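Me: I have a structure open and would like to go through it step by step. Could you help me read it?

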Amino acid sequence: MSYLDKLFNLEGRVAVITGGGGAIASNMAEGFVKSGAKVVLLDLRKEATDEVVAKLSEFGTVVGKAVNVLEEGVLKSVLAEIIEEFGKVDVLINAAGGNMPGATIGPDQTIFDLDMEAFSKVTTLNLDGSVLPSLIFGEQMAKQGTGNIINISSMAADRVLTRVVGYSASKAAITNFTKWMSVEMAQKFEGNIRVNAIAPGFFVGEQNRALMLNEDGSLTERGNQIISNTPMGRFGDLSETVGAALFLVSDAAKFITGTVVPVDGGFSAYSGV
């Protein structure tokens with residue numbers, strides 16, 4: 001095995017990815033299974049993971065399970081299934097999350113129009129949906145004495161993005177939790193369990209396409225604002241988040257914990273001037 005192959009070797013590792021039917025998770029799954037890892041996708045929608053499994057099974061071991069990441073008992077049960085089948089959990093990627101209209105301030109609204117019920121649902125989904133799996137699968141990693149957790153933060157965590165107040169608050173909390181848990185795990189488990197996050201920049205998907213692009217493919221006003229503040233001058237491709245994840249869980253990053261890696265084309269570095 002060459003030096004680089006050994007440094008980045010993920011062969012035989014078991015990676016659990018929540019939100020498994022989503023765009024970020026499915027791209028992560030492809031990268032991990034093609035790197036020799038065994039991938040377990042967790043999603044509330046079993047049919048969504050079935051599509052990913054059908055697409056990726058030719059490259060290696062990938063399975064999908066119907067799981068609500070906000071239900072502790074269900075998570076513990078599926079962990080037991082994974083341990084019985086694979087014997088360990090090396091990687092957890094918390095990719096479950098999302099937004100909803102009530103937690104977003106519309107162009108003709110103010111903060112006083114915020115729907116607190118929707119705000120609570122968004123923060124619960126994003127924050128609790130990362131914290132709870134981290135506790136359940138992190139405890140298994142503690143028993144093993146090794147493991148890696150990757151959370152999904154956002155540009156909205158550190159930069160004020162208008163309108164998305166609920167999403168921003170929950171992603172900021174995820175960034176803080178990532179740093180907090182990284183310290184906890186490093187101090188109490190001999191530095192062998194690492195916790196990091198990836199902060200994606202702007203990627204056009206089905207959920208945000210209408211915000212970014214007009215029907216003719218031209219940029220909307222918001223799309224123009226984003227591109228003008230992204231030094232690389234383009235939206236990202238979700239496949240471009242995969243390399244960061246593969247690096248963070250590899251031995252090449254074994255002294256890296258508590259960090260948030262932006263994959264954003266320079267958006268977070270740019271002042272706008």
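Reply: Certainly. One definition comes first: two strands count as paired if DSSP finds at least two bridges between them. The model is a predicted one. In it, three bridges join β1 to strand β4 (residues 91-94), and the two run parallel.

Me: Which residue of β4 is the bridge partner of Val-16?

Reply: The partner of Val-16 in β4 is Leu-92. Val-16 also has a bridge partner in β2, namely Val-40.

Me: How many bridges are there between β1 and β2, then?

Reply: Strand β1 (residues 14-18) pairs with β2 over five bridges, in the parallel sense. Between these two strands the chain passes through helix α2 (residues 23-34), and this β-α-β crossover is right-handed.

Me: Is β2 mostly covered or mostly open?

Reply: Strand β2 (residues 38-43) is mostly covered, as five of its six residues are buried. Strand β2 is also joined by five bridges to strand β3 (residues 62-66), and these two strands run parallel. Within that pairing, Leu-42 stands opposite Lys-65 of β3. Helix α3 (residues 46-56) forms a right-handed β-α-β unit together with β2 and β3.

Me: Stepping back, in what order do the strands of the sheet lie?

Reply: The order is β3-β2-β1-β4-β5-β6-β7, which makes an open sheet of seven strands with parallel pairing. Strands β3 and β7 (260-263) are at the edges, and each of them pairs on one side only. From one strand to the next, the twist averages 20°.

Me: What holds strands together in a sheet, generally?

Reply: In general, the strands of a sheet pair through backbone hydrogen bonds, and the pairing may be parallel or antiparallel.

Me: Now the other end. Which strands does β6 pair with?

Reply: Strand β6 is joined to β5 by six bridges, and those two run parallel. Strand β6 also pairs with β7 over four bridges, again in the parallel sense. As examples of partners, Ile-149 is matched with Val-195 in β6, and Ile-198 is matched with Val-261 in β7. A right-handed β-α-β unit is made by β5, α6 and β6.

Me: And why is β6 described as largely enclosed?

Reply: Eight of the eight residues of β6 are buried, so the strand is largely enclosed by the rest of the structure. Both of its faces are covered. On one side the buried residues are Ile-193, Val-195, Ala-197 and Ala-199, and on the other they are Arg-194, Asn-196, Ile-198 and Pro-200.

Me: Which strands does α2 lie across?

Reply: Helix α2 lies across β1, β2, β4, β5 (147-152) and β6 (193-200), and runs at about 170° to β1. Helix α5 (residues 116-144) likewise lies across β1, β2, β4, β5 and β6, running at about 175° to β4.

Me: How many helices are there in the chain?

Reply: The chain has nine helices, along with seven strands.

Me: New topic: backbone angles. What is the phi of Arg-163?

Reply: Its phi is near 85°, a positive value in a residue other than glycine. Most residues other than glycine have a negative phi. Arg-163 lies in the loop between β5 and α6 (165-188). Glu-190 also has a positive phi, near 60°, and is likewise a residue other than glycine. Glu-190 is located in the loop between α6 and β6.

Me: Are those two residues buried or exposed?

Reply: Arg-163 is partly exposed, because its relative accessible area of 30% falls between the cut-offs of 20% for buried and 50% for exposed. Glu-190 counts as exposed, because its relative accessibility is 73%.

Me: Finally, why does the radius of gyration agree with that of a compact globule?

Reply: With 273 residues, a compact globule would have a radius of gyration near 19 Å, and the chain has 19 Å, so the two agree. The C-alpha atoms fill a box of roughly 55 × 40 × 40 Å along the principal axes.

Me: What share of the residues counts as buried?

Reply: Of the 273 residues, 46% count as buried. The accessible surface of the chain comes to about 13,400 Å², and carbon and sulfur atoms account for 53% of that surface. As for contacts with a separation of 6 or more, 69% are between residues 24 or more positions apart.

Technical notes
Residues are numbered from 1 along each chain as its sequence is written. This is a predicted model: local features need pLDDT of at least 70, side-chain atom pairs count only at pLDDT 80 or more; totals for chains, interfaces and linings use all residues. Side-chain values use heavy atoms; hydrogens and water are left out. Buried means under 20% relative accessible area, exposed over 50%, partly exposed in between (1.4 Å probe, protein chains only). A crossover is right-handed if, with the strands pointing away from the viewer, the path from the first strand over the helix to the second runs clockwise. Axes are lines fitted to C-alpha atoms, for helices over the stretch in contact, and angles run from 0 to 180 degrees between N-to-C directions. Contact means heavy atoms within 4.5 Å. The radius of gyration is taken over C-alpha atoms; the globule rule is 2.2 Å times the number of residues to the power 0.38. Accessible areas come from the Shrake-Rupley method with a 1.4 Å probe; for residues, only the protein chains shown count as cover.
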